[in-house]
Amino acid sequence: MEHNQRTDKHLCSNCHSSEYAQLDLVLNEYKDVQGNLIIILQKAQEIYGYLPRDVIKRISDVTGHTQAKIFGVVTFYSQFRLNPIGKHLILLCQGTACHVNGSLAVEKAICHELGIKDKETTPDNLFTLNNVACLGCCSLAPVMMIKTGDTEETYGNLTPDSAIEILEDIRRKEGLA
Amino acid sequence: MRILVGQGSCGIASGAKKTAAAFAEQIRAAEMDVPVDVTGCIGLCYLEPIVDIYDDNGEMTRYTKVTPDTAKLIFDAHVVGGTPYTPAMIPADGQAFLDKQTRVVMKNCGIINPERIEDYIASGGYRALSKAIRNMTADEICDVVLGSDLRGRGGGGFPTGKKWVQVKRQSEPVKYVVCNADEGDPGAFMDRSILEADPHSVLEGMIIAAKAIDARKGYIYARTEYPLAITRLQIAITQAKERGLLGDDILGSGFDFDIEIYQGAGAFVCGEETALMRSIEGRRGMPRPRPPFPAHKGLWEKPTILNNVETLCNVPQIMLHGGDWYASVGTATSKGTKVFAMSGDVNNIGLVEVPMGTPLRTLIYDIGGGIPKKRKFKGVQLGGPSGGCIPEHLLDTPVDYEEIAKVGAIMGSGGVIVMDENTCMVDIARFFMEFTQDESCGKCTPCRVGTRRILEILTRICEGKGKPEDIDTLRYLCDQINENSLCGLGKGAPNPVKSTLEHFLDEYEAHIYEKRCPAKVCKSLIRFEIIDGPCTGCGLCARNCPVNAISGERRQTHVIDPDICIKCGICEQLCPYDAIEIK
């Protein structure tokens, strides 16, 4: 079976007994709910951090949605990821107020500092950068939100320097700087 | 005594949690018994974190920009000493910002604790629901909403009462109420603030709508980017159910209605009603042609009311005070108040609720406090990616659905982005087109291909490669996309380009004919130079230049090599003597 070939490296620490145990709980709860696909995908991504290929196959097997349909939904919405992300997800706002207040310069500084582009992850798996449309904190423009596990922290009134300081601070806390 | 700390998303981002913790710590250390409570955002975003202290006689003192250090000073002076700490009290312009508004939708925002239903009920909440459910028929409810002339606040401006009557008339037994909380317009954040500060008012509006059309199930489609709003809504739903205000047999009337939160997965087009419903059904959020309208065939092909957050928040107030009361405010065709999210190059950034008919000038100068740094006003962008830019000479335009449309913008959801003379209007048009091009779902050709062609032309113009015929081509493309696109996203997409072409044509011409960016924004059209006089030869710029384009002897005027310079602007930001000029 395909899922036997999977490596365990992208499994979170919560998945002990079986790699699908948590997913199966979700599938059991939602498999007969009308319009379940996006909810199942959101919960699956919460478990695995992204949507691995065999997870999509498993969802397809249990719910009866074709893999093609699932893939169509996954690629339509910006929330879903087909690749693993780093420990800290940087959501950098590129809304209008942030644009007018210099979010491009902030992006440039972050990209330069981390050596990655939008939607990429650093080689040490510490940071992933995602440009987002608007975080709704326009009064603090330019803004970024950094998601780490279940917690999120919003940083406002960024400058290229302050953004880099924030990243360095996180690195320090991780014991890497 | 009671201490209230404003903790909406923007307050928390400004450090409100640390401020609240500082107060709690002081109170613990002094072994006092003073509650530190949470409230939502009052809309004074530029003065966050905000702390209100209520004395035992009910008098309230408002403090702004309260850091943990200031919190200690306020604690010593006010909480212990009993005298307000004047240096941190709300400044006059902040007080005026609030005093000049008319708050109907936002009346509870920043006043009550959004996580406690008792606060909402104490401020008159759920009285409208009780009236509607116990004493009114479905027809009477619809009549009141019709009489108020309330129009959709999400941007379309369709009369809410008409929508409800259309759904009510359908014989199909299963109907739905959907709240559109997919506030995707960059620059609009009023729905987030309302959901975070007063979630029960949205629920109350939805339950009244459900009663009017006899629906049993409702959905709130909320953006996943708004985690705090979703958390507070969930708390509100649980509390309302415990109190018998939601769920089975509401207020003992035998009427059942349940609300479920549906998290959007990130797609701007899902703010469009038909796309939103496809998304709730678990599919790709693609719009479909109308008719059939959602009132006939909506969610799961059943008749559906779809209203935006702000629209639904108006409903309880209208039920309580009557349609005539609501219709007495505003202009001939636009009634009531509208919440605007004001940001960009304006002194007082925040949420502003004003009666319809208020001139834009009042909004920006009187309430917003004008443009910072003594710069000149250039334009104001209204309505987000489907809206337009309004120039100085049209600032007396009143906020009114029809009047705003006449000058090339739209009311939209109420994002107001003020832009000063340092903003390039071609760059702004390109920015919006990049957004819509990226968010186009790809179903219809005019939007999918047309927006890409416009973006290519605008990018070319910003890079100094514009051709004289580009302006005509842009106009042609704008008309074609507007006429032939399937949904509002495509139809509105050309508006930022059309309005800037109309009001700021000279900037396009400067880019195309003179290869010059008047606002000095477009990188390909500017160059950095060091001015002889102010430069002291300190060498700071040369040391920080990432490409080593700056050279010069110590204490001598430095020089930038334009062939190496990548125009990153670091030297200009760093120079302590303002010796670097953009030409």
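**Entry 1: a small strand in chain B**

I began with strand β3 of chain B, residues 51–54, where Val51(B) and Ile53(B) make up the covered face and Asp52(B) and Tyr54(B) the uncovered one. The model is a predicted one, where local features need pLDDT of at least 70 and side-chain atom pairs count only at pLDDT 80 or more, while totals for chains, interfaces and linings use all residues. Residues are numbered from 1 along each chain as its sequence is written, and chains are lettered from A and ligands numbered from 1 in the order in which they are written.

A note on names: helices (H or I, at least four residues) and strands (E, at least two) are DSSP runs, numbered from the N terminus.

Next I looked up the partners of β3(B). Strands pair if DSSP finds at least two bridges between them. Strand β1 of chain B, residues 2–6, pairs with β3(B) in the antiparallel sense over four bridges, and Arg2(B) has Tyr54(B) as its bridge partner. Strand β4 of chain B, residues 60–63, also runs antiparallel to β3(B), with four bridges joining them; here Val51(B) is matched with Tyr63(B).

What lies between β3(B) and β4(B)? I found a hairpin with five residues between the two strands, and Gly58(B) in the turn has a positive phi of about 90 degrees.

**Entry 2: two helices in chain B**

Two packed helices are described by the angle between their axes and the distance between the axes. I picked α10(B), residues 199–213, and α13(B), residues 309–321, which pack at about 75 degrees with their axes 7 Å apart. Axes are lines fitted to C-alpha atoms, for helices over the stretch in contact, and angles run from 0 to 180 degrees between N-to-C directions. Angles of 65 to 115 degrees count as roughly perpendicular, so that is the word for α10(B) and α13(B).

Who touches whom? Residues are in contact if their C-beta atoms, placed from the backbone, lie within 7 Å. On α10(B) the contact residues include Val202(B), Met206(B) and Ile208(B), and on α13(B) they include Leu312(B), Cys313(B) and Met319(B). By class I get ten nonpolar, two polar and one charged residues. Ala, Val, Leu, Ile, Met, Phe, Trp, Tyr, Cys and Pro count as nonpolar, Asp, Glu, Lys and Arg as charged, and the others, Gly among them, as polar.

**Entry 3: a five-stranded sheet**

Still in chain B, I traced an open sheet with mixed pairing, in the order β10-β9-β13-β11-β12. β10 (350–355) and β12 (388–391) each have a single partner strand, so one side of each has no neighbour in the sheet. Direction ignored, neighbouring strands are turned by 30 degrees against each other on average. β9(B), residues 337–344, runs antiparallel to β10(B) and is joined to β10(B) by six bridges. In that pair, Val339(B) has Glu353(B) as its bridge partner.

**Entry 4: chain A and where it meets chain B**

I listed seven helices and four strands in chain A, running α-α-α-α-β-α-α-β-β-β-α from the N terminus on. Of its 177 residues, 34% are buried (20 or more other C-beta atoms within 10 Å of the residue's own, with C-beta atoms placed from the backbone).

How many residues of chain A are in contact with chain B? I noted 33, against 43 residues of chain B. α5(A) gives the largest share of that side of chain A, four residues. By class, this side has 18 nonpolar, 14 polar and one charged residues.

Notes:
A residue is buried if 20 or more other C-beta atoms lie within 10 Å of its own, exposed if 12 or fewer, and partly exposed in between; C-beta atoms are placed from the backbone. Angles under 35 degrees count as roughly parallel, over 145 as roughly antiparallel, 65 to 115 as roughly perpendicular and the rest as oblique. Two residues are in contact if their C-beta atoms, placed from the backbone, lie within 7 Å.
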